[in-house]
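Trainee: I would like to take a close look at one part of this model and then see what else surrounds it. Could you walk me through it slowly, in one connected account?

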Amino acid sequence: MKASGMARRPNFLLFVTDQHRADHLGCYGNTEVRTPHIDALAAQGCRFDDFHVATPICQPNRASLMTGRLPSAHGVQMNGRELSHGERTFVDTLREAGYHTALVGKSHLQNITPVPPAWPAAGQRLAHDARQPYPGRYGQEVWKRWDEDPAFELELPYYGFERACLTIGHADEQHGHWRRWLRTQTADADRLIGPDNAIPTPGLQLAALRQAWRTRVPEALYPTAYIAGQTCSVLEQLAGDAQPFFIQCSFPDPHHPFTPPGRYWDMFKPEDVSLPETFHAELVDPPPPVQWLREQRQRQPGFRPGYGAFACSEQEAREALALNHGSLACIDDAVGRVMAQLQALGLDRDTVVMFTSDHGELLGERGLMFKGGLHYRALTRVPFIWRDPQQAPAQGATAALAQTTDIAATVLERAGLQRANGMHGKSLLPLTSGQTDAVRTHLLIEEESQRSDFGLDRRVRMRTLRNHEHRLTVYDGQAWGELYDLKNDPLELRNLWNDGASQALRARLMEALVQSLMAAADTSPYPAASA
């Protein structure tokens, strides 16, 4: 669609990975991973070096990506809550403005499992919620519905996406459109999937924890390849259309359980990867959760992790890093495949390409793995790459603070559309064009959990204020907290919360946190009258 006297509006292609920290890409300085195609995007565009999530939890952060709002505003503050159909997504706005919109891969804007929540416990649930659900169809991503009813489908448009092709879940046990497609490709589909059908890997410590297995699903049939193939098909279908498009290509990897397929399984050897600098580092006044996790592993020899953080051995960390790197190499090849299709169709000159992820992963930081209830940089800092072939960046990288919520505002401005009232994100275009070197002085990161991790007497609730110099983290109901001097202690090893000389600094940052919480208060909807 072209307006008179105006250039064609750009297309958008957004790649999203899952549990993927920023420093696990070659373009972010990692010399052990193999990510040439993603690195090429960064070389052609602008790399954001201090980009953080709104919350290091999948479902809430994806809702923040879609709405440009912090979890406390859009309501998906924890896994297990579904994004209200009353929330406007930036994809809604694009679609209403004439964009074709498509989602391929992971969505996770609604619940994917029927498993009852951990909170509230039996007897704690009140009869009524203060907020009633906005009308609409929910539970559309619950995998059992897709498995039990072969005709089950999403109700479109789905949060602004007029077409969607879903993979639901993780590892090689995913569901949705991928599982249905797999069954059309081979009669052995269900005998290729899961740890009980896996190729034996004697001696693999993560296998004993049920957190890694060598899948029998071939590379060409694995969800990563499927997502790339479906994205290529959508590109081909939309290539000749006059209307611009927004496509989200979303990979459920890297994520535990680790099941990189085929050659990606042993592309990296555990003995060849490097443990994080902090694996054996001495910590000064660490927050109680870190010590509790270490003691938990000692108390429970038969411990088997779920999704929360846990203390790991060196071998477990090395295995996880090697398999994680394999998953990234698999994704990188998929990104290369999609980019080749974009170029072959002549779309690369008109398409803004972005790359980001849900949240990070500890992967051995402080001797811990996975995520949850901690805001170390490994968990909150994620990649963001902006490649715009029509507007060359003023610089190849920026150290400006930015956040997941900014993606929506940036896309809308680039499309020439207004942001919605209540969006917290800021457009990053002034950074890529060189008009400014900062769009904010600090970030607010939220986290709420269903679980009372770390032996706490209540579920984890925390807020973090982060600027270039410091990180302050406050836990609900706890006298302890975290304060780090990021300039002199970039690895966050020395907690200054109780340091006598740092109390004035702590007070100033607490005041800044309060101001940030006030700024995050929801301004939507606008009032309809003066009284």
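**A covered strand and the rest of the model**

Mentor: Strand S13, residues 461–466, is mostly covered, with five of its six residues buried; please keep in mind that this is a predicted model. On one hand, S13 is joined to strand S12 (residues 443–448) by six bridges, and these two strands run antiparallel. Within that pairing, Glu 446 has Arg 463 of S13 as its bridge partner. On the other hand, S13 pairs with strand S14 (residues 470–475), again in the antiparallel sense, over five bridges. Here Thr 464 stands opposite Thr 473 in S14, and the two strands S13 and S14 form a hairpin in which three residues lie between them.

Let us turn next to the open sheet, which has nine strands in the order S5-S4-S3-S6-S1-S8-S10-S2-S11, with mixed pairing. Strand S5 (175–176) and strand S11 (397–403) stand at the edges of this sheet, and because each has a single partner strand, one side of each is left without a neighbour in the sheet. The partnership of S11 is with strand S2 (residues 46–52), and the two pair in the parallel sense over five bridges; to pick out one position, the bridge partner of Asp 50 is Leu 401 in S11. Helix H1 (residues 36–44) packs on the sheet, where it touches strand S1 (11–19), S2, strand S8 (351–359) and strand S10 (384–387), and its direction makes about 60° with that of S10. Helix H10 (residues 314–344) also packs on the sheet, touching S1, S8 and S10, and the direction of H10 makes about 170° with that of S1.

One residue of helix H1 repays a closer look, namely His 37, which has its place in that helix. With a relative accessible area of 33%, His 37 is partly exposed, because that value falls between the 20% under which a residue is buried and the 50% over which a residue is exposed. When neighbours within four places in sequence are left aside, His 37 is in contact with Asp 332, Asp 333, Val 335 and Gly 336. The C-alpha atoms of His 37 and Ala 334 are separated by 8.9 Å, although the two residues are 297 residues apart along the chain.

Helix H2 (residues 58–67) is mostly covered, since 10 of its 10 residues are buried. The buried residues of H2 include Cys 58, Gln 59, Asn 61 and Arg 62, together with Leu 65 and Met 66. Among the elements that cover them are S1 and S8, strand S6 (245–250), and the helices H3 (71–74), H4 (90–96) and H12 (406–414). Just after H2, Gly 68 takes a positive phi of about 70°.

Finally, there is the second largest pocket, in which about 480 Å³ of space lies. It is lined by 22 residues, of which Arg 21, Asp 23, Pro 276, Glu 277 and Glu 365 are the closest to its centre. The elements that give two or more residues to this lining are H10 and helix H11 (377–380), so that H10, which packs on the sheet, also has a part in the lining of the pocket. By class, the lining of the second largest pocket has nine charged, eight nonpolar and five polar residues.

How values were computed: Residues are numbered from 1 along each chain as its sequence is written. This is a predicted model: local features need pLDDT of at least 70, side-chain atom pairs count only at pLDDT 80 or more; totals for chains, interfaces and linings use all residues. Side-chain values use heavy atoms; hydrogens and water are left out. Two strands pair if DSSP finds at least two bridges between them. Helices (H or I, at least four residues) and strands (E, at least two) are DSSP runs, numbered from the N terminus. Contact means heavy atoms within 4.5 Å. Axes are lines fitted to C-alpha atoms, for helices over the stretch in contact, and angles run from 0 to 180 degrees between N-to-C directions. On a 1 Å grid over the protein atoms alone, a cavity is a set of points where a 1.4 Å probe fits but cannot get out, and a pocket is an open set with protein on both sides within 12 Å along at least five of seven lines; lining residues have an atom within 4 Å of a point. Grid points are joined across faces, edges and corners, and a volume is the space filled by probe spheres set on the points. Ala, Val, Leu, Ile, Met, Phe, Trp, Tyr, Cys and Pro count as nonpolar, Asp, Glu, Lys and Arg as charged, and the others, Gly among them, as polar. Buried means under 20% relative accessible area, exposed over 50%, partly exposed in between (1.4 Å probe, protein chains only).
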